[in-house]
Amino acid sequence: MKVLISGGAGYIGSTIASALLDGEHTPVLLDSLVTGRKEFTKDRIFYEADIADRAMVRTIFSDHPDIEATIHCAALIVVGIGCQTLRVLQRKCRQIDGVL
Ligand SMILES: NC(=O)c1ccc[n+]([C@@H]2O[C@H](COP(=O)([O-])OP(=O)(O)OC[C@H]3O[C@@H](n4cnc5c(N)ncnc54)[C@H](O)[C@@H]3O)[C@@H](O)[C@H]2O)c1
């Protein structure tokens with residue numbers, strides 16, 4: 001079975017990928033590497049992109065139409081990074097509001 005794992009270069013995602021390989025399944029990793037580790041993707045099918053990158057998600061499903069499940073592990077678990085991202089998003093929203 002082929003399984004897409006978002007956050008596949010992170011702690012939980014890469015561990016799930018190892019378990020899938022042990023069970024003779026095929027993990028397909030999607031990770032922006034914002035905090036993930038490239039070495040966790042070694043010898044694995046890997047796409048470096050943000051989960052919000054729709055074009056890349058389409059490419060992945062077009063390259064792997066046999067993906068049967070998705071496991072979502074992409075996350076910003078460090079509060080500082082999460083807050084920093086939130087502040088950037090808030091600023092962007094204000095800019096968009098301004099333009100509108
Ligand atoms: N680590 C634990 O003990 C634990 C326990 C229970 C639940 N969880 C949950 O599991 C999830 C993953 O945790 P983790 O410990 O593996 O964290 P992690 O930081 O090791 O992995 C998260 C991965 O997501 C990637 N990522 C973040 N934002 C992304 C985006 N927008 N697009 C693509 N990739 C993105 C990061 O680069 C990273 O590789 C979290 O939701 C966490 O709350 C973790």
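Trainee: Leaving aside neighbours within four places in sequence, which residues is Leu29 in contact with?
Mentor: This is a predicted model. Leu29 is one of the residues that touch the most other members of the largest nonpolar core. Leaving aside neighbours within four places in sequence, its contacts are Ile5, Gly8, Ala9, Gly13, Ala17, Thr41, Arg44, Ile45, Phe46 and Tyr47.

Trainee: Which element supplies the largest share of the largest nonpolar core?
Mentor: The core has 14 residues, and Leu4, Ile5, Leu29, Leu30, Tyr47 and Ile60 touch the most other members. At least two residues each come from β1 (2–6), α1, β2 (26–31) and β3 (45–48). The largest share, 3 residues, is that of β2.

Trainee: In what order do the 4 strands of the open sheet lie?
Mentor: Along the sequence the protein chain reads β-α-β-β-α-β-α, with 3 helices and 4 strands in total. The sheet is open and its pairing is parallel. In general, strands of a sheet pair through backbone hydrogen bonds, either parallel or antiparallel. The order here is β3-β2-β1-β4.

Trainee: Which strands are the edge strands?
Mentor: In the order β3-β2-β1-β4, an edge strand pairs on one side only. From one strand to the next the twist averages 20°. The edge strands are β3 and β4 (67–72).

Trainee: What is the bridge partner of Val3 in β4?
Mentor: β1 and β4 run parallel and are joined by 5 bridges. In β4, the partner of Val3 is Ala69.

Trainee: At about what angle does α1 run to β2?
Mentor: Helix α1 covers residues 11–22. This helix lies across β1, β2 and β4. Its angle to β2 is about 165°.

Trainee: Which helix gives the most to the shell around the ligand?
Mentor: The ligand is surrounded by 20 residues, the closest being Gly7, Gly10, Ile12, Gly36 and Ala75. By type, the shell divides into 11 nonpolar, 7 polar and 2 charged residues. With 3 residues, the most comes from helix α1.

Trainee: Is Arg58 buried or exposed, and why?
Mentor: Arg58 lies in helix α2 (residues 54–63). From Gly36 it is 22 residues away in sequence and 22 Å away in space, C-alpha to C-alpha. Because it has 10 C-beta neighbours inside 10 Å, Arg58 counts as exposed.

Trainee: What percentage of the residues in the protein chain is buried?
Mentor: The C-alpha trace spans about 50 × 30 × 20 Å along its principal axes. The protein chain has 100 residues, and the buried share is 24%.

Conventions:
Residues numbered from 1 in each chain as written. Predicted model: local features only at pLDDT ≥ 70, side-chain atom pairs only at ≥ 80, totals over all residues. Near = placed C-beta within 6 Å. Nonpolar A, V, L, I, M, F, W, Y, C, P; charged D, E, K, R; others polar. Buried ≥ 20, exposed ≤ 12 C-beta atoms within 10 Å, placed from the backbone. Core = buried A, V, L, I, M, F, W, Y, C linked by C-beta atoms within 7 Å. Contact = placed C-beta atoms within 7 Å. Pairing = 2+ DSSP bridges. Axes fitted to C-alpha atoms, helices over the stretch in contact; angles between N-to-C directions.
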